[in-house]
Amino acid sequence: MNEPEGTATAATTASGGTATAAPGGAGAEQGSRPARRMRRLLPSTPPRLTGPPQLDFPPVKNGLDYLASVVKHLDETESAVTPSDVKYAVLHLQAAVEVLFKTRLLAEHWTLVFTNPGDATRKDLDDATLKSVTPEQAITRLQNIAGVEISEKEAQALKKLTTDRNKLQHFGFTDNARAVEARAGAVLDFLIRFIDTELQPYLEPADQRETELGLRDLREGLGNINSYVRQRMNRIGGELRKLGVENTTVECPACENVTLVLDEAPPVPPNGDGAFATCRFCSSFFELGDLATRWLPPFWNDHGTHVCPWCDVEALGTDVRVRSESEPVYFCFACSRIIKEIAPCDGCGKPMDVSAEGAAPLCRPCEDAREPDPESEYELPYEDPADYGFDEGAKQPAYDSWFPRKGDEA
């Protein structure tokens, strides 16, 4: 039976719900192609029914709800952030990542949310019985298929979040709460941008307005979190400048802030006599001998650039962020030397500090080996002036006698 013109018709969505078509018949403007694609994914809110409360969390709304919980747990203006708050923030943030990433993949093509798209069936999708894509697979497909820009640093932050979540969920987790909080804050910042640029264009106007209202609260909460972090970082920066240790303050492997001060004992020193480095932001501490191992790259080039050209110790890190430098540098974790440019010696291949203008291409041993022995100064053989008719004892003639005067006879 045909519906009268202008009557809204319901269509089954990929998630099993219903979506209301725009009035005006097939010839009416149905919105942008991305909006039409997302229409199946974001069912309109059904009429409120009498009886028990009903769950109504379509994908984007579900992701925003998880993010609201994250902000609530991490917002310092609400209350002090406890380890329990950090725990639930990590769990809910990872859930938001998975929901929102899969929503974007659904908008690209529904088979992309399956672990193996070749085995995808609409029935498994509608029944929610599919084996869905892993977070790592989702990132790869978003980058390579959907064209979503995810930097290497953002991908690493997402990977660390997944690791934290898996430990918390399945095995229990012991780690520095401040470090975990800092990592979670970075992912939260990325996700809000992701919703803005990658999900909003696929929504119907009504859903866009609803999402924007949710994002408004999230941005306010995120601003509180970032404001707190900035205040702490400004205070820490002032302390480090006052102490004059900015050139020995490097990036902390735990919280990734440039606040790890070398040769600084932790507030409660552990057993042992080793020297330590302590992070002023998250209070993580590392043994100096252990820190170089954590920081150094897993492999080296043929010239062994892990050997410091100044102290000859295998403790030279590459691309190290040091607080006193605007760009990553080479940094020796043994002698705390900052090196901006390294080149192999032309003779033996040993790494050399060539940061200074006009630095020699040879190390001192090779330079000494190549220098020839200094030759004695060449002296002319002695010849007696008498051999040429000169008398050394003769009186030198007057100057005037050398040239005839005017009027003198020739």
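Q: Two strands pair if DSSP finds at least two bridges between them. Going by that, how many strands form the open sheet, and in what order?
A: There are 4 strands, in the order β3-β4-β5-β6, with antiparallel pairing. Strands here are DSSP runs of E with at least two residues, helices are runs of H or I with at least four, and both are numbered from the N terminus. This is a predicted model, where local features need pLDDT of at least 70 and side-chain atom pairs count only at pLDDT 80 or more, while totals for chains, interfaces and linings use all residues. Residues are numbered from 1 along each chain as its sequence is written, and side-chain values use heavy atoms, with hydrogens and water left out.

Q: Which strands stand at the edges?
A: β3 and β6 (285-287); each has a single partner strand, so one side of each lacks a neighbour in the sheet.

Q: How many bridges join β3 to β4?
A: 2 bridges, and the two strands run antiparallel. Threonine 249 stands opposite valine 261 in β4.

Q: What about the loop between β3 and β4, which residue there has a positive phi?
A: Glutamate 256, which lies in that loop, has a phi of about 65° although it is not a glycine. Glutamate 256 is partly exposed at 25% relative accessible area; buried means under 20%, exposed over 50% and partly exposed in between, with a 1.4 Å probe and protein chains only.

Q: And serine 336, where is that found?
A: In the loop between β8 (329-332) and β9 (338-339). Serine 336 has a positive phi near 60° and is partly exposed, with a relative accessible area of 27%.

Q: Switching to pockets. What volume does the largest pocket have?
A: About 720 Å³. A pocket is an open set of points on a 1 Å grid over the protein atoms alone, where a 1.4 Å probe fits, with protein on both sides within 12 Å along at least five of seven lines; lining residues have an atom within 4 Å of a point. Grid points are joined across faces, edges and corners, and the volume is the space filled by probe spheres set on the points.

Q: Which lining residues are closest to its centre?
A: Of the 28 that line the largest pocket, Lys153, Ala182, Gly185, Ala186 and Asn257.

Q: Which helix gives the most to the lining?
A: α7, with 10 residues. α6 (152-171), α7 (177-199) and α8 (205-243) each supply at least two.
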